[in-house]
Amino acid sequence: MLKWLLHRYTRGFASRYNYDATYMHEMLDASTAAFVRFGIMQSAGGNWRGDAPPKAWFASGIAGALFEDCGPCVQIASDIAMEQGMPGEIIRALLSGAPTDTDAQLGFDYGRALLAHADNLDDLREAIENKWGKAALLALSLRAMTARNFPVLKRAMGHAKTCQRVRIGNTDVTVNPTLKAA
């Protein structure tokens, strides 16, 4: 019964975001325990916002997905951010490398720097801590870290074969290739 409910939930998620969740169904079929643990890990770490401003928090998640992905997971991170009120023009700017809202830019830059072990990580960490506090820093860190888990799992299961353009509202966004990890 639990497996049936989880498959149903996953189909709803896939439908809502027009997302190929085949790898999630495969994981669930292989191990309900692994699927549940993955869900707990994602919820426990990636859904806590602490004191982080929403734009910075969502931007950090988009950066985390972008670090590992070439489209589908970045699309979901962007769609969820827009559902929660983040303006599409900010997301378009982040993905294209254009200047944008300072809170969003700081969260995005921090997420990328954290995952890339970038030289400017200490400066970004200090800026976030000074501006919003340690709880915000932790929330942005957890968001970036957990956002990369979906594309990593997808790749581990042999499903990260398709790239796609990211669509924000009615506009396709060309992601600036210098923002990707590799």
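Among contacts (heavy atoms within 4.5 Å) between residues at least 6 apart in sequence, 70% join residues at least 24 apart. The model on your screen is a predicted one, in which local features need pLDDT of at least 70 and side-chain atom pairs count only at pLDDT 80 or more, while totals for chains, interfaces and linings use all residues. Residues are numbered from 1 along each chain as its sequence is written, and side-chain values use heavy atoms, with hydrogens and water left out.

**The whole chain**

Show the whole chain as a cartoon and you will find 10 helices and 2 strands, where helices (H or I, at least four residues) and strands (E, at least two) are DSSP runs numbered from the N terminus. Followed along the sequence, the elements come in the order α-α-α-α-α-α-α-α-α-α-β-β. The C-alpha atoms fill a box of roughly 50 × 35 × 30 Å along the principal axes. The radius of gyration of the chain is 16 Å, which agrees with the value near 16 Å for a compact globule of 182 residues; this radius is taken over C-alpha atoms, and the globule rule is 2.2 Å times the number of residues to the power 0.38.

Switching to a surface view, you are looking at about 9,300 Å² of accessible surface, of which 54% belongs to carbon and sulfur atoms; accessible areas come from the Shrake-Rupley method with a 1.4 Å probe, and for residues only the protein chains shown count as cover. Of the 182 residues, 45% count as buried, where buried means under 20% relative accessible area, exposed over 50%, and partly exposed in between (1.4 Å probe, protein chains only).

**First stop: the start of the chain**

Select M1, W4 and L5, which make a nonpolar surface patch of about 380 Å². Patches are made of residues with over 30% relative accessible area and no salt bridge, with like charges joined within 9 Å and nonpolar side chains (Val, Leu, Ile, Met, Phe, Trp, Tyr) within 5 Å. W4 belongs to helix α1, residues 2–17, and counts as partly exposed at 46% relative accessibility.

Move next to N18, in the loop between α1 and α2 (22–30), where phi is near 50 degrees, a positive value in a residue other than glycine. N18 is exposed, with a relative accessible area of 75%.

**Second stop: helices α4 and α7**

Select residues 54–68, helix α4, whose 15 residues reach 22 Å from first C-alpha to last, close to the 21 Å expected at 1.5 Å a residue; the expected span is 1.5 Å times one less than the number of residues. Because 13 of its 15 residues are buried, α4 is largely enclosed by the rest of the structure.

Now colour the buried residues of α7 (102–116), which pack against α4, α6 (88–96), α8 and α9 (134–147); among them are L106, F108, Y110 and L115. Just beyond, H117 sits in the loop between α7 and α8 (121–132), and although H117 is not a glycine, its phi is positive at about 55 degrees.

**Third stop: G71 and R165**

G71 lies in the loop between α4 and α5 (72–83) and counts as buried at 2% relative accessibility. Setting aside neighbours within four places in sequence, G71 is in contact with Q164 and V166; the C-alpha atoms of G71 and V166 are separated by 5.8 Å, although these residues are 95 apart along the chain.

Select R165 next, in the loop between α10 (149–156) and β1 (166–168). R165 is partly exposed, with a relative accessible area of 49%, and touches Q75, D172, V173 and T174, not counting residues up to four places away in sequence.

**Last stop: charged pairs**

The whole structure holds 8 salt bridges, each being a side-chain nitrogen of Lys or Arg within 4 Å of a carboxyl oxygen of Asp or Glu. Display E83 and R16, whose side chains meet in a salt bridge at 3.0 Å, N to O. This pair links distant parts of the chain, with E83 in helix α5 and R16 in helix α1, 67 residues apart. E83 is partly exposed at 38%, whereas R16 counts as exposed at 57% relative accessibility.

In α8, D122 forms a salt bridge with R125, the closest N and O atoms being 2.5 Å apart; the two are 3 residues apart in this helix, and therefore separated by about one helical turn. Finish by selecting E68, R148 and R155, which are linked in a network of salt bridges.
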